[in-house]
Protein chains: 2
Amino acid sequence: MQNFEFHNPTRIVFGTETIGKLNTLLPASARVLILYGGASAKANGTLDEVKAALGDRHVQEFSGIEPNPTFETLMRAVELVRQEKLGYLLAVGGGSVIDGTKFVAAAVPFDGDPWSILEKHGRNITTALPFGSVLTLPATGSEMNNGGVVTKRAIHAKLAFSSTHTFPQFSILDPTKTYTLPPRQIANGVVDAFVHIVEQYLTYPVQAKVQDRFAEGLLQSLIETGPEALANPQDYATRANLMWIATLALNGLIGAGVPQDWSTHMIGHELTALHGIDHARTLAIVLPASLHVRRDTKHAKLLQYAERVWQIHEGSEDERIDQAIEKTRAFFERMGIATRLPDYELGAEAIDTVIAQLEAHGMTQLGEHRDVTPATSRHILEAAL
Amino acid sequence: MQNFEFHNPTRIVFGTETIGKLNTLLPASARVLILYGGASAKANGTLDEVKAALGDRHVQEFSGIEPNPTFETLMRAVELVRQEKLGYLLAVGGGSVIDGTKFVAAAVPFDGDPWSILEKHGRNITTALPFGSVLTLPATGSEMNNGGVVTKRAIHAKLAFSSTHTFPQFSILDPTKTYTLPPRQIANGVVDAFVHIVEQYLTYPVQAKVQDRFAEGLLQSLIETGPEALANPQDYATRANLMWIATLALNGLIGAGVPQDWSTHMIGHELTALHGIDHARTLAIVLPASLHVRRDTKHAKLLQYAERVWQIHEGSEDERIDQAIEKTRAFFERMGIATRLPDYELGAEAIDTVIAQLEAHGMTQLGEHRDVTPATSRHILEAAL
């Protein structure tokens, strides 16, 4: 096991009828900005419920935070907060809204051009406004971590940041608020959480028994829960499990003390920034191809993954690894998510630009061994054709 | 899944050469009291290392905190802190020292008789001194939770308390500091952690997939790690796994959203208070007997435990449950811990007094169904003969 620090101060309030607790979770005197995405938070009543719970507090709203939230949009929220002297941010939505809220929280008191927060991946954040979240979409884990991803539309750049100052103070997780989500968003969420776990698990062994068992338990639970969540949208236990799995997939716990990969995310980010493909779908394209290309350096963990997650016990080592990769791909496809570039109308001609963008963003030594060079990324994308 | 809140702000600093980080973890101006147990913290050099890391701070020491820390001893520490106007407590030791430190932290600013903190199980704590810990014994999980147990010697009472105010601010977990522990303490720690997990897992199903998988993963890891830790005291990976397992066994995570039992602990506490038997050993006596007596209300979970933790797939349901209970008992015995009352020179004549003490302490409706009455506790103790 590697040395690590683990510190996650976010309070999770989980279950039905929990939005009313906002009244005790926010300071009574808070001047609040509610940040959300589009019409769905309004249509499903969550926004009204949130406002009712906030009682007499001064509350303003900022809507229109996109999937893959943009710097351009978020800077308008920053201006509003500064102008109106608001002091507490409340994200109501999924990972994009929460990621965007984290950026706003850090950008408001930031001295200088806030884009540099992204360029320095958050290392230059020294303070942030307090904020909480009401989660409506299980997927990214942003509700219980300190990271975010923001896209600058003008330059097709999608960059990640994190800071000890950008943990939500609390997150409310009410599984019933996910009942009305479209199947596409549920499927995306399942795949996103799956790949988050794999990025922290499927590297090389460091004798970290619990981290491995926890990751495997999350994957097994997700493999059971994903299809159920599509089939029975209003089954409480299914949605509750999905929500808690997605949160634990990226709250720092399973990644503490182990090597981490994240190359699938970095390559996927470029596909989203260039072609607007949903984040989770880019991961579904890249991961199976990446496991195939990198099967030698991931050999031991791929065998463990095959055995413990997919119960594959027969065949040669290579055959078991092939089966595990194919089962991974089949799971994504079963969730309704295609796993090859041509399914998104991209062919070999698209690869050069992705590689150029990876190089432009300094993504030239990715993965747990820093050996995913642009040449390796090219092999991975070719294997995804 | 049941509704829950999860909030655990303790910072974990895990690994080799981590004690030096104390200098940044404590405020520079802190007036510190180091609390510890006996000679071992001194002999193995940990105490000197801690003092060196604290640099120029005003530091005093309080030694002599017993296993099963006593109210009588801890109140002397409370007096010292008040008299010397110390402001930061640092526990150096295992669960007893950390539990005791939590009590001191709450008792120093407490208005009234501090014994009432125990009588009210901590519900009357409104503030506490800040404190951290340097863990030297993996076992109780106290390093990453807000609970403690204190014994009042004068009346043979061992009572538990918890409060949102009594989380350690940080805990340093250096596995190398456990290399010199006697085998008896390692064995106790393994059994203690095992039973912590079981108290939160082996109840009845509430469709909490992740909590179940995490608990099973911890139990499987502990079953592998326990005997290794006895056989190879200086194997870093083994001690690291044991330390992290024991912490995660009782940091609130696996118990969030699920029913909990804790009757084994409550019955065990009386055996310790009356007869001085090591805490873990009382659990090893009570648990197998309790699972046997309560096999009907725990039926579904016992079958799951048999299958997933012990890989028992053959035989009738009753046979599988019998096998799982016997494997549990055999694991404790393999760790060198006897599992029946006569092994501790106690016979049927001892049972009446234990039952009387349970009644005196209001422990008359224990367990996840509140159905462990004094009559059931008697059956359990009889089954442990």
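**Group meeting: a walk through chains A and B**

Okay, let's start with helix H12 of chain A: the cover over its buried residues includes two other helices of chain A, H11 (279–293) and H13 (317–334). Keep in mind that this is a predicted model.

So which residues of H12(A) are buried? H12 runs over residues 299–308, and the buried ones there are Leu302(A), Tyr305(A) and Ala306(A). They sit on the same side of H12(A), because the arc they cover around the axis is only 100°. In an α-helix there are 3.6 residues a turn, so residues three or four places apart point the same way.

Now, over to where the two chains meet. Here 32 residues of chain A are in contact with 32 residues of chain B. On chain A, strand S1 (4–14), helix H8 (209–231) and helix H9 (236–248) each bring at least two residues to that side. Which element gives the most? That's H8(A), with 10 residues. If you sort the chain A side by type, you get 15 nonpolar, 12 polar and five charged residues.

The strands join in too: S1(A) pairs with S1(B), antiparallel, over seven bridges. As one spot to look for, Val13(A) stands opposite Glu5(B).

Last stop, Thr247(B), which you'll find in helix H9 of chain B, residues 236–248. Is Thr247(B) buried or exposed? Thr247(B) counts as buried, because it has 26 C-beta neighbours inside 10 Å, and the cut-off is 20 or more. Leaving aside neighbours within four places in sequence, its contacts are Gly141(B), Glu143(B), Met144(B) and Leu173(B). Take Glu143(B): it's 104 residues from Thr247(B) in sequence, yet the C-alpha to C-alpha distance is 6.9 Å.

Methods: Residues are numbered from 1 along each chain as its sequence is written. Chains are lettered from A and ligands numbered from 1 in the order in which they are written. This is a predicted model: local features need pLDDT of at least 70, side-chain atom pairs count only at pLDDT 80 or more; totals for chains, interfaces and linings use all residues. A residue is buried if 20 or more other C-beta atoms lie within 10 Å of its own, exposed if 12 or fewer, and partly exposed in between; C-beta atoms are placed from the backbone. Helices (H or I, at least four residues) and strands (E, at least two) are DSSP runs, numbered from the N terminus. The arc is that of the directions from the helix axis to the C-beta atoms. Two residues are in contact if their C-beta atoms, placed from the backbone, lie within 7 Å. Ala, Val, Leu, Ile, Met, Phe, Trp, Tyr, Cys and Pro count as nonpolar, Asp, Glu, Lys and Arg as charged, and the others, Gly among them, as polar. Two strands pair if DSSP finds at least two bridges between them.
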